[in-house]
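User: I have a model open and want to learn how to read its features. Can you take me through them step by step?

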Amino acid sequence: MNVIVLGGGVVSKVKELIIVGVSLSLAMMIFGATGNVIVNSSFESGSLWGWSPFGSVTLIATTTNPHSGDYCLYTTGRTQSWMGPSYNLFGLLSYDQTYKIDFWVRYDEGPQSIQFKATVKTSSVNGADNYIQAANPTTVQKGIWTEISGEFSIPDDNYSGIVIYVESPGATPNFYLDNFTVTGEISSSAQNLINSQKQEFEAAITPVSEYLKAIPSLYESLSKYFPVGVAVEPGQLLSSNPHSQIVAKEFNMLVPENVMKPEFIEPKPGDFTFQNADAIVDYAIAHHMIMRGHNFIWYEETPNWFFEDPSNPSKPASRTLLLERMKDLITTTMKHFEDKYGSNNPIKYWDIVNEPLNDNGTLRDTKWLQIIGPDYIAKAFEYAHEADPNIKLFVNDYGMENDGIKAQAMYNLVKKLKDEGVPIDGIGIECHINIDTNLDKLKDVIEKFASLGVEVQFTEIDMSTLGDTSESALLQQARQYRKLFSILEEEHKYITAVVFWGISDDISWLGAQNAPLLFNTALQPKPDFWAIVDPEKAPMNIVNTQPLNTPEGTPASTDWSKSLNFEIQPFTNVDTFVKGYGATAKIKTLWNNDNLYILANVSDTTPSSRDNVEFFIGSRSYRFFRGNFVGKNVEETSYATGYDIQLTIPLDEIGVNSKIGNHVGFDVRVNDYDNSTLKSIAAWNDFANIEEDPIHYGQIEFAGQSMMAYALYGTPDGISDPIWNKSQVINITKFIKGDSGATATVRTLWNDKYLYVLANVWEKDLNASNPLPYRQDSVEIFIDQHNYKTPYYTDGDGQYRVNFENAQSFGPSTDSSGFESFTTKTATGYIVEMAIPFNDITPKVGNVIGFDALVNVAGSGNNSSRKAIIIWSGETNTLYEETQSFGNIMLVHTLSQ
Ligand code: XIL
């Protein structure tokens with residue numbers, strides 16, 4: 001069957017409109033000017049195609065009972081009658097038009113008949129939601145596919161979100177949905193977008209096999225390290241589906257993305273269905289691939305009946321019964337594949353227990369834990385080992401890549417299991433990361449896990465661009481993928497498989513707007529692909545610019561690392577390996593009227609007189625050999641574990657004027673020699689290692705001076721303590737949203753335990769009626785105790801928000817223990833006092849910490865939105881997720897400055 005799916009969500013960003021097709025004629029119809037088919041979902045690709053859960057339900061494309069073709073959409077886990085599958089229509093409709101909808105539903109359990117209907121929900125810009133009936137309640141008989149249709153229009157276009165969803169008033173059965181269409185006049189903005197996407201569409205329908213012939217195979221390129229797998233749904237493997245061609249060429253291992261989860265294997269007690277799972281196994285065998293089974297014991301995608309007492313579903317099952325059910329699930333499933341495929345069985349590994357840990361390292365409070373107790377983990381492994389002793393058994397989890405609390409908890413858990421003789425063979429590191437994830441500790445995690453004598457696998461790799469599909473985000477992603485694979489390749493002796501969580505961006509569970517995979521929505525290889533298999537072929541005709549923020553300033557002491565204006569800046573890492581593994585560097589830069597200053601710390605533990613660093617700046621390049629620096633503009637120190645360089649470059653020499661906003665091309669390459677052979681090259685910007693051409697450089701950006709203020713030593717006793725009058729007044733003046741409504745100042749004090757903040761806000765119309773704390777009149781203080789200035793939050797970073805009525809709220813990774821605040825209303829506004837504990841450092845005179853202040857200005861009336869935001873240092877509304885743009889405060893004893 002031919003399908004065209006037009007789907008994928010918010011249309012305001014070009015790349016979020018996904019068009020993938022297999023039929024040109026129907027595509028032409030969609031591109032026609034009038035009476036467009038706006039949504040046409042028949043799920044024949046075997047994936048969700050833009051549908052997502054409305055409420056906490058699970059959606060899957062299934063081959064059970066399709067209304068037509070091979071697939072339909074199956075919704076399970078509904079606990080409210082309004083919960084169901086939904087489709088994002090934002091940007092696709094015009095408010096003065098009528099739209100027709102038509103779809104088919106079926107359900108197989110529960111009462112003899114149930115009503116189904118479709119609803120359109122609009123979310124208004126002023127916070128109010130509006131529900132429009134798109135198809136009237138229609139009676140559906142159990143077990144019979146029934147067609148439902150209706151019409152709707154949108155009363156006005158003053159909304160910020162619009163979705164359509166299917167629900168069943170008064171009932172919550174699992175149900176099937178198929179052949180869902182919306183037709184009518186497509187909005188002109190969407191039409192324009194479609195026109196502009198036509199090219200991409202046409203690229204998608206050129207047979208994938210043609211260009212696949214011309215690119216290398218991912219798994220062959222990495223074959224000396226590990227097998228390379230991919231998570232798939234069965235429909236993606238059909239020969240009519242272009243995704244299957246990528247799978248066949250690029251991967252040699254498969255993991256079922258969903259169909260081996262209990263919900264699909266055993267939807268009802270004892271009712272095992274392996275049809276979908278077998279389809280994947282058959283494909284793997286036919287293509288000489290191995291497999292990972294995924295997964296048995298998890299807190300999600302497990303039917304409720306597992307945990308219920310059969311005679312009274314409102315009561316929990318007993319421990320004995322749940323253990324029996326666990327054993328039956330694991331044994332029947334593993335035996336099925338063992339019996340059906342015998343020595344051909346491609347499944348070599350299996351995730352037995354999935355995601356057992358909370359982010360804080362404690363055991364996740366799942367029904368398995370509640371009913372069975374903590375030994376549910378050991379039991380699951382024992383049953384699995386009994387069922388098939390030939391399969392390697394894994395525990396799998398996410399959020400361990402930074403070697404934090406959760407990684408340590410996983411280590412402890414597996415150590416304990418091993419000590420108790422539990423048959424566990426490996427740890428799966430999921431690796432759902434993003435383009436900003438800090439990978440510096442990943443090696444430590446791998447080695448820590450391997451030290452337990454277990455295998456390590458990377459089981460669900462994807463990398464979100466955090467909603468940004470611009471060229472520069474995609475190139476940042478390629479560099480980050482290169483960095484990730486440099487680590488995996490270096491550590492390969494501990495790693496027995498590496499698996500991507502999906503084939504291409506159009507079908508990723510994270511959505512195409514996060515572009516997390518190696519192939520794009522047109523199924524073409526992205527720069528990521530080249531960064532992994534062959535960096536030299538990365539598409540370097542695109543100007544690949546990494547920005548290096550360089551504040552104005554002159555080093556004030558001979559040892560630049562002790563010079564304040566250098567000290568308050570973050571390091572930039574030169575650590576993307578374009579050859580081998582070895583030395584890396586960290587750099588900082590400054591500029592003034594005459595010079596550019598570069599401070600580089602190189603870590604290189606294998607000294608050789610050939611070790612060197614190259615700097616590429618504008619039209620010039622400079623190379624400095626370890627222990628052999630000459631020239632008046634360069635200082636060096638060499639020691640056992642590395643060497644440092646302080647470089648002064650006259651701006652005349654590189655042909656750039658000293659002016660805020662100016663740019664100059666820049667790159668760094670660290671060359672590490674073992675005696676006389678070049679062991680490794682690490683680069684800053686150009687991971688393709690083609691330095692000759694300045695088009696491949698990143699850029700130095702001449703910025704203003706870093707914001708800097710002083711915190712006076714002292715302990716205030718309330719807001720009227722005169723000591724506040726001695727402290728420095730920091731004016732909060734930068735409107736990053738709106739342009740008026742309030743003015744504010746902040747003062748700071750410190751002692752051994754706390755940073756004290758006194759914020760004064762002049763604003764008449766105070767409002768806390770909106771439930772979202774950042775839409776209430778409030779003050780936010782941001783601190784980065786170590787002043788690491790990172791693109792993400794790390795230890796010692798915090799966001800503290802207090803509204804004018806002293807309601808506190810905190811950023812997600814903020815340690816709020818010991819935090820205190822007080823507020824006072826004044827005739828002209830309000831005052832907030834905060835005591836922020838130094839939980840991560842021992843403060844000393846001279847310390848400089850990262851600091852910023854933000855004031856939220858609420859509008860008037862009920863449920864008002866945020867009308868203005870004022871900030872001290874940062875330029876954008878990103879302070880809650882990065883600390884790079886914070887200003888600085890220096891802890892001083894007296895304010896002579
Ligand atoms: C996800 C699938 O990708 C989605 O299609 C499904 O709706 C939910 O589950 N960790 C896991 C995987 O171990 O099983 C999850 O897969 C992603 C997170």
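User: Let me begin with a bridge. Which residue is the bridge partner of proline 53 in S7?

Analyst: This is a predicted model, so keep that in mind throughout. To read a bridge, pick a residue in one strand and look for its partner in the strand alongside. Here proline 53 has proline 85 as its bridge partner in S7. The two strands, S4 and S7 (residues 84-88), run antiparallel and are joined by four bridges.

User: What is the strand order of the open sheet that holds S4?

Analyst: Read a sheet from one side to the other, not along the chain. The order is S4-S7-S12-S9-S10, five strands with antiparallel pairing. Strand S4 (51-54) and strand S10 (129-141) are the edges, and each pairs on one side only. Neighbouring strands are turned by 25 degrees against each other on average, direction ignored.

User: Let me try the method on another sheet. In what order do the strands of the open sheet with S26 come?

Analyst: Work across again. You get S26-S28-S29-S33-S32, an open sheet of five strands with antiparallel pairing. Its edge strands are strand S26 (572-574) and strand S32 (634-639), each paired on one side only. The twist from one strand to the next averages 20 degrees.

User: And which residue in S28 stands opposite valine 574?

Analyst: Alanine 585 stands opposite valine 574. S26 and strand S28 (residues 584-591) pair over three bridges, in the antiparallel sense.

User: Now the ligand. Which residues around the ligand come nearest?

Analyst: Start with the shell, then go to single atoms. There are 13 residues around the ligand, and Glu257, Lys261, His294, Glu355 and Glu460 come nearest. By class, the shell has six charged, four polar and three nonpolar residues.

User: How do I go from shell to atoms? What is the distance from the side chain of glutamate 257 to an oxygen atom of the ligand?

Analyst: Look for pairs of N or O atoms; the cut-off for a polar contact is 3.5 Å. For glutamate 257, a side-chain N or O atom is 2.5 Å from an oxygen atom of the ligand. For asparagine 354, the corresponding distance to an oxygen atom of the ligand is 2.9 Å. Glutamate 355 has a polar side-chain atom 2.8 Å from a nitrogen atom of the ligand. As for cover, the ligand on its own has 410 Å² of accessible area, and the protein covers 87% of that.

User: Next, backbone geometry. Why do a cis bond or a positive phi catch the eye?

Analyst: They catch the eye because most peptide bonds are trans and most residues other than glycine have a negative phi. In this model, a cis peptide bond joins histidine 294 and asparagine 295, with omega about -15 degrees. Asparagine 295 is in strand S16 (residues 290-297). Histidine 294 is also among the residues that come nearest to the ligand.

User: Where are aspartate 403 and asparagine 863 found?

Analyst: Both are in loops. Aspartate 403, with a positive phi near 55 degrees, lies between strand S20 (392-397) and helix H11 (405-419). Asparagine 863, with a positive phi near 60 degrees, lies between strand S47 (848-858) and strand S48 (866-871).

User: One last loop residue. What is asparagine 662 in contact with, leaving aside its neighbours within four places in sequence?

Analyst: Place the residue, then list its contacts. Asparagine 662 lies in the loop between helix H16 (651-654) and strand S34 (663-674). With those neighbours left aside, asparagine 662 is in contact with Val656, Asn657, Ile700, Glu701 and Phe702.

Conventions:
Residues are numbered from 1 along each chain as its sequence is written. This is a predicted model: local features need pLDDT of at least 70, side-chain atom pairs count only at pLDDT 80 or more; totals for chains, interfaces and linings use all residues. Side-chain values use heavy atoms; hydrogens and water are left out. Two strands pair if DSSP finds at least two bridges between them. Axes are lines fitted to C-alpha atoms, for helices over the stretch in contact, and angles run from 0 to 180 degrees between N-to-C directions. A residue is near a molecule or strand if one of its heavy atoms lies within 4 Å of it. A polar contact is a pair of N or O atoms within 3.5 Å; within protein, one must be able to donate a hydrogen and the other to accept it, and residues adjacent in sequence count only if both atoms are side-chain atoms. Accessible areas come from the Shrake-Rupley method with a 1.4 Å probe; for residues, only the protein chains shown count as cover. Ala, Val, Leu, Ile, Met, Phe, Trp, Tyr, Cys and Pro count as nonpolar, Asp, Glu, Lys and Arg as charged, and the others, Gly among them, as polar. Contact means heavy atoms within 4.5 Å.
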